[in-house]
Amino acid sequence: EILSSRGYETVALSGNTLVDESSGMLRGFRRVRVFGHRQPLLYGWFQTTPIFQSAVRRIFPNLVPERPVDTTRILRTYVQSALRQLRGKPFFIWVHFMDPHAAYDPPEEYRTMSGGLPVFCNSDPRWGWTQRDKDPVTKELILSPEERKYVSSLYDGEIQYVDSAIGEIIRRLDRLGIANRVLTVITADHGEEFWDHGRYGHGHTFDQELVHVPLILRGETTINGRGIH
């Protein structure tokens, strides 16, 4: 809101539907695009009747499988386009990557292990994992050591994928000749535990695996009257 009031072009690009205009978190942004992270798979005769499939999905969602949308690719494309349009103006672009986040589904080139199910999500029946037995205390899925390694590898693959996308955006700043005038800030809202303390995911403890997040600044700026590099 402050930057918009001072003449900045403000853009919010979100791959998380919980962070949209209705949440109130995007007040002040002049341009907003929010992309959902799920899309239905068209299979069998549904391929020729997508409208019917949409109706079935609303009534019987478990009958229509879904695949995570590659919002990382979409967001990377949109931010690069915004940079081309705004490079001659003062701007603030906020990009909310949904990866790495369940459901884990990195592109093939970022996968280091193979497993029985290509997508991992511990809470959504659409991807098959919720049929496994659950721990009576934590209510979390009981997975074998090999399955745990596989799930962790999918998460690592998504980290590498987002890292490459951020790298492409930074290289675009360099190619546009504006890198020396742009402050790039990279952070995260939380980490994930992979059974480090007997549980999986986030939101249940304040262990370092969950709360130790990056804060990376690239560029030049002024804080409290002092220039930093």
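These legends go with a set of close-up views of one predicted model.

**View 1. The whole chain, before zooming in.**
This is a predicted model, and the protein chain runs to 229 residues, 38% of them buried. Its secondary structure adds up to 5 helices and 11 strands. Take the contacts in the chain with a separation of 6 or more: 57% of them come from residues 24 or more positions apart.

**View 2. Helix 3 packed against helix 4.**
Here we're looking at residues 71–86, which form helix 3, alongside residues 145–176, which form helix 4. Their axes sit 10 Å apart and meet at an angle of about 10°. Angles under 35 degrees count as roughly parallel, so helix 3 is roughly parallel to helix 4. On the helix 3 side, the contact is made by T72, R73, R76, V79, Q80, L83 and R84. Helix 4 answers with Y161, V162, A165, E168, I169, R172, L173 and L176. Sorted by class, that contact has 8 nonpolar, 5 charged and 2 polar residues.

**View 3. The largest pocket.**
This view opens onto a pocket of about 1800 Å³, the largest in the model. There are 49 residues in its lining, and the ones closest to the centre are V95, T184, V185, I186 and T187. Which elements give two or more residues to the lining? They are helix 3, strand 5 (91–96), helix 4 and strand 6 (184–187). Helix 4 gives the most, with 10 residues. As for the character of the lining, 29 residues are nonpolar, while polar and charged residues come to 10 each.

**View 4. L183, in the loop leading to strand 6.**
L183 belongs to the loop between helix 4 and strand 6. Is L183 buried, exposed or partly exposed? Its relative accessibility is 35%, and so L183 counts as partly exposed. Look for E220 too: it is 37 residues away along the chain, yet the C-alpha atoms of L183 and E220 are separated by 6.0 Å.

**View 5. The second largest pocket.**
Next comes the second largest pocket, with a volume of about 160 Å³. Its lining counts 15 residues, and those nearest the centre are P68, V69, D99, D105 and E158. The class split for this lining is 8 nonpolar, 3 polar and 4 charged residues. D99 is worth keeping in mind for the next view, since D99 takes part in a cis peptide bond.

**View 6. Two cis peptide bonds and a positive phi.**
Zoom in on the loop between strand 5 and helix 4, where P100 sits. The peptide bond from D99 to P100 is cis, and its omega is near -5°. A103 lies in the loop between strand 5 and helix 4 as well. A cis peptide bond joins A103 to A102, this one with omega at about 10°. K139, also placed in the loop between strand 5 and helix 4, brings another backbone detail. K139 isn't a glycine, but its phi is positive, near 65°. What about its surroundings, buried or exposed? With a relative accessible area of 57%, K139 is exposed, because the cut-off for exposed is over 50%.

**View 7. W195 and its loop.**
W195 is found in the loop between strand 7 (193–194) and strand 8 (200–201). Phi of W195 is near 65°, which is positive even though W195 is a residue other than glycine. W195 has a relative accessible area of 13% and is therefore buried, as buried means under 20%.

**View 8. The cavity lined in part by W195.**
How many cavities of 30 Å³ or more are there? The count comes to 1. About 30 Å³ of space lies in the largest cavity. Along with W195, its lining is made of F120, N122, E140, L141 and Y200. Sorted by class, these lining residues come to 4 nonpolar, 1 polar and 1 charged.

Note on methods:
Residues numbered from 1 in each chain as written. Predicted model: local features only at pLDDT ≥ 70, side-chain atom pairs only at ≥ 80, totals over all residues. Heavy atoms only, no water. Axes fitted to C-alpha atoms, helices over the stretch in contact; angles between N-to-C directions. Helix = DSSP H or I, 4+ residues; strand = E, 2+ residues; numbered from the N terminus. Parallel < 35°, antiparallel > 145°, perpendicular 65-115°, else oblique. Contact = heavy atoms within 4.5 Å. Nonpolar A, V, L, I, M, F, W, Y, C, P; charged D, E, K, R; others polar. 1 Å grid on protein atoms, 1.4 Å probe; cavity = no way out; pocket = protein on both sides within 12 Å on 5 of 7 lines; lining within 4 Å. Points joined across faces, edges and corners; volume = space filled by probe spheres on them. Buried < 20%, exposed > 50% of the residue type's maximum accessible area, 1.4 Å probe, protein only.
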